Amino acid sequence: MWKSLSSYLRPDKRFKDVSEIDLEILKSEGVKGIILDLDDTLLPSDIKTNKDKIDNWLKKAKKDFSLFVVSNNSRHDYVKKFCEKFDIPFIARATKPRSKFLHKAMLQMKLNKGDIVIIGDRLTTDILAGKLFGIKAFLVAPLTEMPSIFQKIVYKIEAKVLKMIEPIAEVAPTPIKDAVKEELKKVEIKAEN
Ligand SMILES: [Mg+2]
């Protein structure tokens, strides 16, 4: 069970931040669309962390890929303000790890599952949503240099989970989607802010 569950939490690749993702390699792998998390993936949750390199990567990515922000942030206007600045379509209050809005984003991008990747900083929301939906999922380290106490706890737990699943990283995913959903019902996962 744990081995099966871990395959849904295992990112395909890990990066320090999105600026380390080589867009040419991504293109050569057949990726056409990128679903992006917002908080601490594109936008640090503290105002002091510099994000110029993230903005530059985003501008470059926009030239060759179809981008879509799918954020759990409940503040619609906050998400809108960022996405309008970069002219990227978005969905707020996405309730990841539910994959419903990933599907909606994919339809709007007019792409197929094999064409898209989700990138985010959280295992139990972004990566799990991507895996439940059946797409590639890349994990980035959270952008913020000043995490809140809640964030520190969450990141610490997720880092431990990641460490636990890494030794069995080569185990192929098994079709236990319903079982995973049952597990999720038991564990209340709070949507990220
Ligand atoms: Mg995030």
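This is a short tour of a predicted model, going from the whole chain to its sheet and then to strand β3 and its surroundings.

**Whole chain**

Start with the full chain in cartoon view. Its secondary structure consists of eight helices and six strands. Followed along the sequence, these elements come in the pattern α-β-α-β-α-β-α-β-α-β-α-β-α-α. If you colour by burial, 38% of the 193 residues count as buried. Of the contacts between residues at least 6 apart in sequence, 70% join residues at least 24 apart.

**The sheet**

Next, select the six strands. They form an open sheet in the order β1-β6-β5-β2-β3-β4, with parallel pairing. The edges are β1 (13–15) and β4, each of which pairs on one side only.

**Strand β3**

Now select residues 66–70, which make up strand β3. Five of the five residues are buried, so the strand is largely enclosed by the rest of the structure. Show the side chains: S66, F68 and V70 point one way, while L67 and V69 point the other way, and all are buried. Such alternation between the two faces of the sheet is what a regular strand gives.

**From β2 to β3**

Add strand β2, residues 33–36, which pairs with β3 in the parallel sense over four bridges. To find the register, pick I34 and look across to L67 in β3, which stands opposite. Then trace the connection: the chain leaves β2, passes through helix α3 (residues 52–64) and arrives at β3, in a right-handed β-α-β crossover.

**From β3 to β4**

On to strand β4, residues 90–91, which pairs with β3 in the parallel sense over two bridges. Here the pair to label is V69 and F90, F90 being in β4 and opposite V69. Include helix α4 (residues 76–86) in the selection; together with β3 and β4 it makes a right-handed β-α-β unit.

**Helix α5**

Select residues 100–109 for helix α5. This helix lies across β2, β3, β4 and β5. Relative to β3, helix α5 runs at about 155°.

**Strands β5 and β6**

The last stop is elsewhere in the sheet. Select strand β5 (residues 116–120) and strand β6 (residues 136–140), which pair in the parallel sense over four bridges. Which residue in β6 is the bridge partner of I118? The partner is A137. To place this pair in the whole, show the six strands again and read the order β1-β6-β5-β2-β3-β4.

Key:
Residues numbered from 1 in each chain as written. Predicted model: local features only at pLDDT ≥ 70, side-chain atom pairs only at ≥ 80, totals over all residues. Buried ≥ 20, exposed ≤ 12 C-beta atoms within 10 Å, placed from the backbone. Contact = placed C-beta atoms within 7 Å. Pairing = 2+ DSSP bridges. Right-handed = clockwise from strand over helix to strand, strands pointing away. Axes fitted to C-alpha atoms, helices over the stretch in contact; angles between N-to-C directions.
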